[in-house]
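Trainee: Could you take me through one part of this model in detail? I would like to look at how the helices pack and what sits in the core beside them.

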Amino acid sequence: MTRELATAYWPDLEPGRATVAVPVGALEQHGPHLPLDTDTRIARALTAALPGVLVAPALEYGSSGEHEGFPGTVSLGAEAMETVLVEYGRSVCRWAARLLFVNWHGGNVHPLTRAVSLLRYEGRDVAWLPFAVPGGDAHAGVTETSLLLHLDPRVVDTARAEMGNTGTLADLMPRMREGGIVAVSANGVLGDPTPASAAQGARWFAELVDRATAQVTRWEPDGKGRLR
């Protein structure tokens, strides 16, 4: 069976068989050195590396209101994002056995949790998978920069990489809730991308894929649909 939903032919898709995996990203600022579609690029690469899934086209917009102080950011908002995810799930589950949302954007967590919880309540086998690098920084820092240097170094403008606010999210969150990322970081970076390397990105990517592969193989959603 084809691995790409977009290039499949409907007679080749046997009803009730496929596990459809859709990357969930965002279009938002990622500092002066990373492209606006960074989250989508990483989510797409992680999804494509999962075994035994039918890879759907990415959902390239997300809930990114905290980044709207920077030009280029386009946010659907949490309510609209939740609606999109619910309707997407209802449609896919008419013919697929399972649906997996593969997320790489923190702002999507709340609408994902609400949408997947509803879909599961309605009897659909839907789950979501978050990705995070243990000890990694929050946004456009060494973590995401290293991953993109591994996945597609052409889109990383290393000459423009600069340190942002390196405070903890717990400390920064009150100001971010009031004024968004721009209230705590003039360049949009939370962390320090300057030590990033493709080699480190390759190690992190392999670890993320290994962990996600095990989670998908077990397929044990918790009470909110997140794969354990």
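Mentor: Here is a walk through the core, two helix pairs and one loop residue. Keep in mind that the model is predicted.

Start with the core. The largest nonpolar core has 31 residues. Leu 46, Leu 100, Trp 104 and Phe 131 have the most contacts inside it. Helix 1, strand 3 (98-103), strand 4 (126-130), helix 4 and helix 6 (198-218) are the elements that give two or more residues to this core. Helix 6 gives the most, with six residues.

Now take Trp 104. Leaving aside neighbours within four places in sequence, Trp 104 is in contact with Val 24, Asp 39, Ile 42, Ala 43, Leu 46, Phe 131, Ala 132, Glu 144, Leu 147 and Leu 208. There is also a second, separate core, of 24 residues. Val 86, Leu 99, Phe 101 and Val 116 are included in that second core.

Next, the first helix pair. The axes of helix 1 (residues 38-48) and helix 4 (residues 142-151) come within 11 Å and cross at roughly 60 degrees. Helix 1 is therefore oblique to helix 4. The crossing is left-handed. Helix 1 makes the contact with Thr 38, Asp 39, Arg 41, Ile 42 and Ala 45. Helix 4 answers with Glu 144, Leu 147, Leu 148 and Leu 151. By class, the residues of this contact are five nonpolar, one polar and three charged. Asp 39, Ile 42, Glu 144 and Leu 147 belong to this contact, and Trp 104 touches each of these residues too.

Then the second pair. Helix 2 (78-92) and helix 3 (residues 109-121) pack at an angle of about 35 degrees, with their axes 8 Å apart. Here the crossing is right-handed. From helix 2 come Ala 78, Met 81, Glu 82, Leu 85, Val 86, Gly 89 and Arg 90. From helix 3 come Pro 111, Leu 112, Arg 114, Ala 115, Leu 118 and Leu 119. The contact has nine nonpolar, one polar and three charged residues. Val 86 takes part in this contact and is also in the second core.

Finish with Ser 63. This residue lies in the loop between strand 2 (54-55) and helix 2. Ser 63 counts as buried because its relative accessibility is 9%, and buried means under 20%. Apart from neighbours within four places in sequence, Ser 63 is in contact with Ser 75, Gly 77, Ala 78, Met 81, His 105, Gly 107, Asn 108 and Pro 111. Ala 78, Met 81 and Pro 111 also appear in the contact of helix 2 with helix 3.

Terms used: Residues numbered from 1 in each chain as written. Predicted model: local features only at pLDDT ≥ 70, side-chain atom pairs only at ≥ 80, totals over all residues. Heavy atoms only, no water. Axes fitted to C-alpha atoms, helices over the stretch in contact; angles between N-to-C directions. Helix = DSSP H or I, 4+ residues; strand = E, 2+ residues; numbered from the N terminus. Parallel < 35°, antiparallel > 145°, perpendicular 65-115°, else oblique. Left-handed = near helix turned anticlockwise from the far one by under 90°. Contact = heavy atoms within 4.5 Å. Nonpolar A, V, L, I, M, F, W, Y, C, P; charged D, E, K, R; others polar. Buried < 20%, exposed > 50% of the residue type's maximum accessible area, 1.4 Å probe, protein only. Core = buried A, V, L, I, M, F, W, Y, C linked by side-chain atoms within 4.5 Å.
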